[in-house]
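Me: I am new to this structure and would like to understand the reasons behind the terms used for it. Please take me through them one at a time.

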Number of protein chains: 2
Amino acid sequence: MSAKITELDTEQLIKDTARRIFFGEGRFNATTQEIADAAGVNRTLINYYFRSRDNLFNTVFEDAQKQEHERTESIVFSTKPLKEKIMDYLDLYFEQSKEFPYLEIYMVTQMNQGCAYKDHESMSRLLDKFYLEIAVEMDKGNITKMRPEQFMLNFISLTCFPVSMRPLLQETMGFTPDGFDRLIEERKQIIMDLLFKPE
Amino acid sequence: MSAKITELDTEQLIKDTARRIFFGEGRFNATTQEIADAAGVNRTLINYYFRSRDNLFNTVFEDAQKQEHERTESIVFSTKPLKEKIMDYLDLYFEQSKEFPYLEIYMVTQMNQGCAYKDHESMSRLLDKFYLEIAVEMDKGNITKMRPEQFMLNFISLTCFPVSMRPLLQETMGFTPDGFDRLIEERKQIIMDLLFKPE
DNA sequence: ATTTTGTTTGACATTTTTGTCAAACGCAAA
DNA sequence: TTTGCGTTTGACAAAAATGTCAAACAAAAT
């Protein structure tokens, strides 16, 4: 019944390192050895704390999923008007994408390998709330009328794609890392202008 | 000096199968055994025709890159007006995405693992041409003024993201496969309306 | 000081995946 | 028929990655 005080929990250290390698560096099939090395621990500890490699992967995956969900929830269920919520989300997303640019892509590949989404319940509550607010703004004439799902897709696409596909886009479109950062920063305003009608 | 007439070239069959597994099913770390099985050939043939697994992967990757590039080129360098080019691209993209939804994601992960983009030369010619046409339309007042790169990003994001992230979106947003197909089909018009000002 | 408990380690076993090779095969040319 | 040649195969070797285990260790509890 200890819990080691000397340094940060080894278990957490392994998780953090794995997360960085997966979502930060995009090295989705890093070996347990590589993760252990990066964390500066013995590889066997991965088995000690997480039975198997698969288990570590799932744990890290689910943690990230949960965290992202919570952050989104706290924005969507705040009392601010929709427009501000969307700006908040843009800030949050572009910020976290600096640390973990590959998170969504990883989720897609996982999703595809039979890893189902966990919390349908709360996700659909979140979507319902969001769709409702969108519909209201459409009635007020602040947003072009369309199915709320389409608005949602527009919003997410414009926000996430440049971040998720950054390596590809940066390479093919011929940007320097700095240049691309500036491009992303500029996008906040451009996205808002696309989503909402001018006043 | 034969070239086997009985059935399609084995070499091509392997390539096609690998392509389907990578880009069609998103199983990016399929083993050579799995690919051979899917193609209905002996695994050793992969080594016979493509020396190594890596070599097969690269070949398939470069072929796809080249093919996509050619198709894009033929649209961008056609004589049609910009608006029609963009509609053509939407059609092309949504069509091919039915067969290979994971192509872009695969490229991103590859890109990240040190696989550089090949044909910078012709890509930048293509982009220049495109940017020029966009600028002209902006002057005419048909497109909201912004950096052409941003317009490009908007266009690609709106088009590619829903396709690339389909497994994730479908799952989290609670769509049936058919429902999502309809959503995608509806998007063509929605994207056009977002990109161009109403006449 | 000794025991206990949770952690860490290295050596080893197992499993998975890839690569090699000689022999078999089938077909067309000599 | 036989020879030559590209293709195909299964058995085997090698490599890479994961998982297990007993023993060492270190710190707290007795």
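Reply: Let us begin with how the copies are arranged, keeping in mind that this is a predicted model. A rotation of 180° with 0.0 Å of shift along its axis lays chain A on chain B with an RMSD of 0.1 Å, and the two copies are thus related as by a two-fold rotation axis.

Me: How do you know that the copies meet through the same surface?

Reply: Of the interface residues of chain A, 100% are also interface residues in chain B, so the surface through which the copies meet is the same. In that interface 47 residues of chain A are in contact with 47 residues of chain B, and among the residues of chain A, A:Val108, A:Leu153 and A:Phe161 lose the most area to chain B, together 14% of what that side buries.

Me: What makes up the area buried between chain A and chain B?

Reply: The area is about 4,400 Å², and carbon and sulfur atoms give 70% of it. There are also 12 residue pairs in polar contact between chain A and chain B, counting pairs with both residues at pLDDT 80 or more. Helix 8 of chain A gives the most to the side of chain A that touches chain B, with 12 residues.

Me: Why is the pair B:Arg147 and A:Glu186 called a salt bridge?

Reply: The term asks for a side-chain nitrogen of Lys or Arg within 4 Å of a carboxyl oxygen of Asp or Glu. The closest N and O atoms of B:Arg147 and A:Glu186 are 2.9 Å apart, so the pair meets that cut-off. Across the interface of chain A and chain B the rule finds two salt bridges, while the structure holds 32 over all chains.

Me: Is B:Glu149, which forms a salt bridge with B:Arg147, called buried or exposed?

Reply: The closest N and O atoms of B:Arg147 and B:Glu149 are 3.7 Å apart, so this pair too falls within 4 Å. B:Glu149 has a relative accessibility of 18%, and because buried means under 20%, B:Glu149 counts as buried. B:Arg147, at 30%, counts as partly exposed, because its value falls between the 20% and 50% limits.

Me: What makes A:Lys98 and A:Glu95 a pair about one helical turn apart?

Reply: The two residues are three residues apart in helix 5 (residues 82-99) of chain A, so about one helical turn separates them. Their side chains meet in a salt bridge, at 3.6 Å from N to O. A:Lys98 has a relative accessible area of 59%, which is over 50% and therefore exposed, whereas A:Glu95, at 48%, counts as partly exposed.

Me: How do you know that helix 6 of chain B is mostly covered?

Reply: Nine of the 10 residues of helix 6 (residues 103-112) of chain B are buried, including B:Leu103, B:Tyr106 and B:Met111. Just after this helix, B:Gly114 takes a positive phi of about 85°.

Me: Which residues of chain A does the record call "DNA-binding region"?

Reply: In an unreviewed entry, the UniProt annotation of that name covers residues 31-50 of chain A. Over residues 31-50 of chain A the chain is 75% helix and 0% strand, with the end C-alpha atoms 14 Å apart. UniProt, again in an unreviewed entry, also places the feature "domain: HTH tetR-type" at residues 8-68 of chain A. The span of residues 8-68 of chain A is 75% helix and 0% strand, and its end C-alpha atoms lie 23 Å apart.

Definitions and conventions
Residues are numbered from 1 along each chain as its sequence is written. Chains are lettered from A and ligands numbered from 1 in the order in which they are written. Side-chain values use heavy atoms; hydrogens and water are left out. Copies are superposed by least squares on the C-alpha atoms of residues with pLDDT of at least 70 in both. Contact means heavy atoms within 4.5 Å. UniProt positions are given in the numbering used here, feature names are shortened, and annotations may be inferred rather than shown by experiment. Helices (H or I, at least four residues) and strands (E, at least two) are DSSP runs, numbered from the N terminus. Buried means under 20% relative accessible area, exposed over 50%, partly exposed in between (1.4 Å probe, protein chains only). Buried area is the accessible area (1.4 Å probe) that two parts lose on being put together, summed over both. A polar contact is a pair of N or O atoms within 3.5 Å; within protein, one must be able to donate a hydrogen and the other to accept it, and residues adjacent in sequence count only if both atoms are side-chain atoms.
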